[in-house]
Every structure is written in structure tokens, then in C-alpha cells.
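Visitor: I should like to take a close look at a single part of this structure, beginning with one residue and then working outward to the elements around that part. Please describe the surroundings in a connected account.

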Amino acid sequence: MALKATIYKADLNIADMDRNYYQEHALTIARHPSETDERVMIRLLAFALHADPALTFGKDLFDVEEPALWLKDLTGAIDTWIEVGQPDERRLMKASGQSNQVIVYSYSATSHIWFKQLASKIERARKITIINILPETSAALERLCSRNMQLQCTIQDGQVWITDGTETVQVERETLTAPR
């Protein structure tokens, strides 16, 4: 018998002063049996950073044809394809061909090794941005994870903070590559 997804609920209040986006989102996140709390929180962070009424969670671990998150326009065309983890170059090139931009949020201590092997293979794809979440940050975000979360995300001058009211995490990240 296959294991079922664990459902997480998050009330996420976003104050993104850089984009003038102020919204509360009641999110339901299906956690795949093989997924960690750390990855759930990186998906939630990616949602906060790209928040839009049309941004939705994909079924990436359940369906290989979908990303972790995506933003589609009214015609159904994919504007933004967001991956979490360390996808291979074939997946990224396919995503690049299907969307206007591809963003990868890597969060492993081995992200630099993965990127070094990947960089030359994806350099012709001009739409791919890879952002590495530092290990200390992803570990701190993991500590905020629970089945029912009340979170506040504040974004100002490129700085990002996420709090649950008790603990606040400043999100440290670095861009490993950017669209040319």
C-alpha cells in the first residue's frame, strides 16, 4: 500500500515592500512521503518570494511533468516555473522551453558541487536563475515547520524575514546564476 501525502496548512501573511504586494494566503501543502520538512519550508519560501494570486503549488514529487510551483497566465501558458532542490539539466532545459522563466531554489550543503557540474550544461538556456538558500537558513526555516502554521513574511530592500511570532529567520541566499 502506497503512503499518502501529509497535509500541512499555512496562513501566510506577506508584506513585500519591494513589489508593493500585501496579501494573506491560506495555503494547503501536500507533503510527499519522501519529502522533508526542510523542503516543505523551501517551497513555502519560494511561494512567499513570488506570491501572486495565480501562483500555485505543482505536483513535482507526484508528477514529474510539474514543478514545485508555477505561475500561469490566463491562457494557461507558463510564465514562471519554480523548482526546489537539485533538478538535472534535462528537466531544467525542458522547463526553459515551456516557460518564460525558470527559478531553482537549491538548499543543500552540496549545492555548489551540483551547480558546478550543471553550469556548462545549462549556459545556453537564458531563462534559468538558480538561488541557493544557505544551509543555516534552511535549517532555521525547518524549525518553523508544523502541520498548522501561522507565518509572516516581510520583504524589504531585498532582505527577507519569516517569523512564526516566536522565532524570526532572516533568509540568507545567493544567486548562483542569473538570466543573461
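Guide: In this predicted model, H32 has a relative accessibility of 18%, and because buried means under 20%, H32 counts as buried. H32 is found in the loop that lies between β2 (21-31) and α1 (37-49). Within that loop region, the side chain of H32 makes a polar contact of 2.8 Å with the side chain of S34.

The strand on one side of this loop, β2, belongs to an open sheet of 5 strands, whose order is β2-β1-β8-β9-β10 and whose pairing is mixed. β2 and β10 (168-170) occupy the edges of the sheet; each has a single partner strand, so one side of each is left without a neighbour in the sheet. From one strand to the next, the twist averages 20 degrees.

The helix on the other side of the loop, α1, packs on this sheet and touches β1, β2, β8 and β9. The direction of α1 makes about 150 degrees with that of β2.

The pairings may now be followed across the sheet. In general, strands of a sheet pair through backbone hydrogen bonds, in either a parallel or an antiparallel manner. The partner of β2 is strand β1 (residues 6-16), and the two run antiparallel, joined by 11 bridges. Within this pairing, K9 stands opposite T28 in β2. β1 and β2 form a hairpin with 4 residues between them, and N20 in the turn has a positive phi of about 55 degrees.

β1 is also joined to strand β8 (residues 148-156), here by 8 bridges and in the parallel sense. I14 has C153 of β8 as its bridge partner. Further along the sheet, strand β9 (residues 159-163) pairs with β10 over 3 bridges in the antiparallel sense. In that pairing, T163 stands opposite T168 in β10.

A second helix to consider with this sheet is α4 (residues 135-144), which lies across β8, β9 and β10 and runs at about 155 degrees to β10. Helix α4 also meets α1: their axes come within 8 Å and cross at roughly 95 degrees. This angle makes α1 roughly perpendicular to α4. On the α1 side, the residues involved are D37, E38, M41, I42 and L45, and they meet S138, A139, L141, E142 and L144 in α4.

Another pair of helices completes the account. The axes of helix α2 (residues 89-98) and helix α3 (residues 111-122) come within 10 Å and cross at roughly 40 degrees. α2 and α3 are therefore oblique to each other, and their crossing is right-handed. E89, L92 and M93 in α2 meet L118, K121 and I122 in α3.

Of these residues, K121 may be examined individually. K121 has its place in helix α3, and its relative accessibility of 40% means that it counts as partly exposed. When its neighbours within four places in sequence are left aside, K121 is in contact with E89 and M93. The C-alpha atom of K121 is separated by 9.9 Å from that of L92, and these two residues are 29 residues apart along the chain.

Conventions: Residues numbered from 1 in each chain as written. Predicted model: local features only at pLDDT ≥ 70, side-chain atom pairs only at ≥ 80, totals over all residues. Heavy atoms only, no water. Buried < 20%, exposed > 50% of the residue type's maximum accessible area, 1.4 Å probe, protein only. Polar contact = N/O pair within 3.5 Å; in protein donor to acceptor, adjacent residues only side chain to side chain. Pairing = 2+ DSSP bridges. Axes fitted to C-alpha atoms, helices over the stretch in contact; angles between N-to-C directions. Parallel < 35°, antiparallel > 145°, perpendicular 65-115°, else oblique. Left-handed = near helix turned anticlockwise from the far one by under 90°. Contact = heavy atoms within 4.5 Å.
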